[in-house]
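Biologist: Got a minute to go through the ligand site with me? Put the structure up and we'll start from there.

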Amino acid sequence: MDFKLSKEQILIQSTAREFAEKYLEPIAERIDRENHIPEDIISKLADYDFFALPYEEKYGGAGAGYDGYVLVLEQLSKVCKPIASIISVNTLGLGAITKFGTEFQKEKYLGPCCKGEWLASFAFTEPGTGSDPKQITTTAVKQGDHFILNGTKRFISNATFKGPMVVFARDQESGKPTAFIVDKFCAGYSVSEPWNKVGLHGQALSDVYLKEVQVPAENLLGQLGHGYPILQYGIGFGKIGMAASALGGMASALEESLKYAKEKTHRDGVIAKFPTIQVKLADLAISLEAARWLTYRLGCMANDIQDQIEFIKTAALTKTFVTEAAWIASRLAVDVHGSYGLMEDYKVARSYRDAITGPIVEGVTDMQKMIIAGILLGS
Ligand SMILES: Cc1cc2nc3c(=O)[nH]c(=O)nc-3n(C[C@H](O)[C@H](O)[C@H](O)COP(=O)(O)OP(=O)(O)OC[C@H]3O[C@@H](n4cnc5c(N)ncnc54)[C@H](O)[C@@H]3O)c2cc1C
């Protein structure tokens, strides 16, 4: 057991911190206000290999592992969570392709996604459900050497970027959810106007319409009827990013609260002298520390998964703990700021709106607890 970062990890972390300070800090507030991420930031992220971190170099990856990935996402998210989310979703889609894809699929999709030319998506949610694979209604019917997909996917991230989308559909032959790789913007693919969400402004979230979309048989991901295991295992790679992004929000909550507590005066001193404020600062530090080591551990575990079930359980409990803790931390930070924390002029207001997405996206907290309990009980 070694809780120290290596020289390489410290370098990755400081590079991401400098990137965030230099390129994200000046635009983070504008991204939130205008609900738009400037296109050139995608190529800057790619220049730093931030889309490529965990993948093998032979596929165009940076070979920095998921441990390097969590360190980067924490730093980027601390300054601008929507940007970290774009990377996280890319990693979710590519994680499934890396684990279940054929050599052809990995060679075709990983390289361009690592370079930021394409960005991956993962489309499970539908208007009827986001939690229950049994309710999926998107269909896949085999016709010659193609599958024909029809259906609507709801709340899909990165849907407006070109690249692969891992789509879950009920295939006619098995009658069960099956995973396919759809090339976004192929014939029959279209997207809605972006949803107007409370937080994560700039990270476009759209519905995706699949109308008679022809998917070549070679784009079947895994086997027919094996969508559920791919969903359960593949989404574990998304939960690493969810946790690391939430962690960045927590680090920001503590930093902003400390700063404000030492600046804001009441009567003859700063509010940091009040035990009520000190308790909040201590609570922020305690939960940040616990969340950080859980997240770093998940990143290390993902580099070399010995036991899939253990990984699924650890990803679920880490995502649950960290995103819930981040949501509470964002509220504590607002409390430290009093009414100023409710004003958009203060970073903590934005972080508060961003943090509420964590416990819901990629599986609501209650469903994560069902997964954890199911594994503990062996059911
Ligand atoms: C910012 C953002 C990004 C997103 N990105 C993506 C994406 O890229 N791809 C994607 O596929 N989805 C994405 N989503 C969708 C998100 O993952 C789902 O909305 C989420 O999983 C919850 O699904 P739902 O909204 O359909 O809720 P539901 O599944 O309808 O759940 C509603 C409530 O009912 C409870 N519930 C539901 N079923 C059960 C059950 N069987 N037993 C007990 N309780 C149950 C849940 O716990 C929850 O509290 C995104 C959403 C947001 C807000």
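Modeller: Sure. A word on terms before we start: strands here are DSSP runs of E with at least two residues, numbered from the N terminus. And keep in mind that this is a predicted model.

Biologist: Fine. Which strand gives the largest share of the shell around the ligand?

Modeller: Strand 3 does, with 3 residues. Strand 3 covers 146–157, and strand 1 (121–123) and helix 10 (365–377) also supply at least two shell residues each.

Biologist: How many residues surround the ligand, and which are the closest?

Modeller: There are 19 around the ligand, and the closest are F122, F124, T125, G130 and S131. By type, the shell splits into 10 nonpolar, 6 polar and 3 charged residues.

Biologist: What does the side chain of S131 do there?

Modeller: One of its N or O atoms is 2.5 Å from an oxygen atom of the ligand. G130 uses its backbone instead: an N or O atom there lies 2.7 Å from a ligand oxygen.

Biologist: And what about E362?

Modeller: A polar backbone atom of E362 is 3.2 Å from an oxygen atom of the ligand. As for cover, the ligand has 990 Å² of accessible area on its own, and the protein covers 66% of that.

Biologist: Switching to the bigger picture, where does the ligand sit?

Modeller: In the largest pocket.

Biologist: Why do you say it lies between domain 2 and domain 3?

Modeller: Because domain 2 (121–227) and domain 3 (231–377) both give residues to the shell around the ligand.

Technical notes
Residues are numbered from 1 along each chain as its sequence is written. This is a predicted model: local features need pLDDT of at least 70, side-chain atom pairs count only at pLDDT 80 or more; totals for chains, interfaces and linings use all residues. Side-chain values use heavy atoms; hydrogens and water are left out. A residue is near a molecule or strand if one of its heavy atoms lies within 4 Å of it. A polar contact is a pair of N or O atoms within 3.5 Å; within protein, one must be able to donate a hydrogen and the other to accept it, and residues adjacent in sequence count only if both atoms are side-chain atoms. Accessible areas come from the Shrake-Rupley method with a 1.4 Å probe; for residues, only the protein chains shown count as cover. On a 1 Å grid over the protein atoms alone, a cavity is a set of points where a 1.4 Å probe fits but cannot get out, and a pocket is an open set with protein on both sides within 12 Å along at least five of seven lines; lining residues have an atom within 4 Å of a point. A molecule sits in a cavity or pocket if more than half of its atoms lie within 2 Å of its grid points. Helices (H or I, at least four residues) and strands (E, at least two) are DSSP runs, numbered from the N terminus. Ala, Val, Leu, Ile, Met, Phe, Trp, Tyr, Cys and Pro count as nonpolar, Asp, Glu, Lys and Arg as charged, and the others, Gly among them, as polar. Domain bounds come from an automatic or database domain assignment.
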